[in-house]
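Hi,

Here is the structure I promised to pass on. Have a look at it first, and my notes on what turned up are underneath.

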Amino acid sequence: MTTTTSRATLFERLGGDPAIQAVMHRFFERILADPDLAPVFARVNIERHERKTSAFVATATGGPAPWTGRDMAAAHRHLRITNEQFDRVAGHLLDTLIEFEVPDETGFELLTLVGSLRGEIVTASP
């Protein structure tokens, strides 16, 4: 008898679409409350951006729907994001994951995934 153990995807361990959407909503609340980051989003339709970000995170973490949006470099190039801004955003994501009591290992895995996108998102020097 052969048994196979399949580990749940990061998407599943995060709680699927409803949990990802809730985390992204709170995450953007934190970003918009940050006086250093809010100006970056001044001309952004936050509701739409929140939906797109939730969909991207869902796909990137193993969710069933394919990503149909722009690639990260194209989506962020015009914003001239700095390493400091990237780090601040990542810090808000970490704080949000802690607030939602996401297990450390799962949160670390998501933060590692986000960190792997730094080169596509950061395009400016301080």
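**Backbone oddities, a helix pair and some rings**

Arginine 80 sits in the loop that runs between H4 and strand E1 (81–82). Before you read much into any of this, keep in mind that the model is predicted. What caught my eye about arginine 80 is its positive phi of about 55°, even though it is not a glycine. For background, most residues other than glycine have a negative phi. Glutamate 101 also has a positive phi of about 55° without being a glycine. You'll find glutamate 101 in the loop between helix H5 (83–99) and helix H6 (104–115). With a relative accessible area of 69%, glutamate 101 is exposed.

Next, the helix pair. How do H2 and H3 lie relative to each other? The axes of helix H2 (residues 16–33) and helix H3 (residues 46–60) come within 9 Å and cross at roughly 130°. That angle falls outside the ranges for roughly parallel, perpendicular or antiparallel (the last being over 145 degrees), so H2 and H3 are oblique to each other. The crossing of H2 past H3 is right-handed.

If you want to pull up the contact itself, select Asp17, Ile20, Gln21, Met24, His25, Phe28 and Leu32 on the H2 side, and Ile46, His49, Glu50, Thr53, Ser54, Val57 and Ala58 on the H3 side. Sorted by type, the residues of this contact come out as seven nonpolar, five polar and two charged.

Glycine 16 belongs to helix H2 too. At 9% relative accessibility, glycine 16 counts as buried, the limit being under 20%. Its C-alpha atom is 10 Å from that of serine 54, although the two residues are 38 apart along the chain.

Then the aromatics. How many aromatic pairs does a search of the whole structure find? It finds three. In one of them, the rings of phenylalanine 56 and tryptophan 67 have centres 5.2 Å apart and planes at 85°, so this pair is edge-to-face. Phenylalanine 56 is in helix H3 while tryptophan 67 is in the loop between H3 and helix H4 (72–76), so the pair ties together parts that are eleven residues apart in sequence.

Is each of these two rings' residues buried or exposed? Phenylalanine 56 is buried, at 18% relative accessible area, whereas tryptophan 67 counts as partly exposed at 28%. There is also an aromatic cluster, formed by Phe27, Phe28 and Phe41. Phe28 turns up in the H2 contact with H3 as well.

Cheers

Conventions. Residues numbered from 1 in each chain as written. Predicted model: local features only at pLDDT ≥ 70, side-chain atom pairs only at ≥ 80, totals over all residues. Heavy atoms only, no water. Axes fitted to C-alpha atoms, helices over the stretch in contact; angles between N-to-C directions. Helix = DSSP H or I, 4+ residues; strand = E, 2+ residues; numbered from the N terminus. Parallel < 35°, antiparallel > 145°, perpendicular 65-115°, else oblique. Left-handed = near helix turned anticlockwise from the far one by under 90°. Contact = heavy atoms within 4.5 Å. Nonpolar A, V, L, I, M, F, W, Y, C, P; charged D, E, K, R; others polar. Phe/Tyr/Trp six-rings, centres within 6.5 Å; stacked < 30°, edge-to-face > 60°. Buried < 20%, exposed > 50% of the residue type's maximum accessible area, 1.4 Å probe, protein only.
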